[in-house]
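Open your viewer and get ready to pick residues one after another. Each stop on this tour says what to select and what is there.

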Amino acid sequence: MSSNIRTNLEAIIKGIQEHKILEVFEKYYHADIVMFEKGDSTNRIGKDANRKAEEGFVNNATIHEAKVLKVLVDGNNSAYEMYMDFTYGGHKVQKTQWALQEWKDGLVIKEEFF
């Protein structure tokens, strides 16, 4: 099972790098997905609420670079560290963040960003 998770995670990362965030969200995220931004899941429960948040990012951001620094897969859990350089709402942002995923039925059911 973890090999499927690794393959699916690599597809998600590739989708981010190829500006296909919404496509990979539809394909690899569970209907009951809960997403957290630094421990806050306000309005980020379920696929519809998270789709709105993802669309908000995609429609306001221009990604210049998305570089993976580390990838970890252990059972039904995975994580990756990514350096991102993007412009959001006219502001240039450069940051490195961790994304931690919990998987169910080959789909991401929980994702946290730090």
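Start by selecting Ile-16. Leaving aside neighbours within four places in sequence, Ile-16 is in contact (heavy atoms within 4.5 Å) with Ile-21, Ile-63, Ala-66, Tyr-80, Met-82 and Met-84.

Two notes before moving on. This is a predicted model, where local features need pLDDT of at least 70 and side-chain atom pairs count only at pLDDT 80 or more, while totals for chains, interfaces and linings use all residues. Residues are numbered from 1 along each chain as its sequence is written, and side-chain values use heavy atoms, with hydrogens and water left out.

**The nonpolar core**

Keep Ile-16 selected and add Ile-12, Tyr-29, Tyr-80, Met-82 and Met-84: these six have the most contacts inside the largest nonpolar core, which has 23 residues. A nonpolar core here is a set of buried Ala, Val, Leu, Ile, Met, Phe, Trp, Tyr and Cys residues joined through side-chain atoms within 4.5 Å. Buried means under 20% relative accessible area, exposed over 50%, and partly exposed in between (1.4 Å probe, protein chains only).

Which elements each supply at least two residues of this core? Colour α1 (2-17), α2 (21-28), β1 (29-37), β2 (61-74), β3, β4 (91-104) and β5 (107-113) to see them. Helix α1 gives the most, with 5 residues. Helices (H or I, at least four residues) and strands (E, at least two) are DSSP runs, numbered from the N terminus.

**Glu-54 and its surroundings**

Next, select Glu-54 in helix α3 (residues 47-60). Is Glu-54 buried or exposed? At 14% relative accessibility, Glu-54 counts as buried. Show its side chain together with that of Arg-44, and you will find a polar contact of 3.4 Å joining them. (A polar contact is a pair of N or O atoms within 3.5 Å; within protein, one must be able to donate a hydrogen and the other to accept it, and residues adjacent in sequence count only if both atoms are side-chain atoms.) Beyond four places in sequence, Glu-54 is in contact with Ile-21, Leu-22, Phe-25, Met-35 and Arg-44.

From that group, pick Phe-25 and add Lys-47, which lies over the face of the Phe-25 ring at 5.5 Å from its centre. For this, NZ of Lys or CZ of Arg must be within 6 Å of the ring centre and within 35 degrees of the ring normal.

**The aromatic cluster**

The whole structure holds 3 aromatic pairs. Rings of Phe, Tyr and Trp (its six-membered ring) pair if their centres lie within 6.5 Å; planes under 30 degrees apart count as stacked, over 60 as edge-to-face and the rest as tilted. Select Phe-57 and Phe-86: their ring centres are 5.4 Å apart and their planes at 70°, so this pair is edge-to-face. Phe-57 lies in helix α3 and Phe-86 in strand β3 (residues 77-88), so the pair ties together parts 29 residues apart in sequence. Phe-57 is partly exposed at 22%, whereas Phe-86 is buried at 5%.

Now add Tyr-88. The rings of Phe-57 and Tyr-88 have centres 5.9 Å apart and planes at 15°, so they are stacked. Tyr-88 is partly exposed, at 35% relative accessibility. Phe-57, Phe-86 and Tyr-88 form one aromatic cluster.

**Last stop: Asn-60**

Finish at Asn-60, also found in helix α3 and partly exposed, with a relative accessible area of 40%. Outside its neighbours within four places in sequence, Asn-60 is in contact with Thr-87, Tyr-88 and Gly-89.
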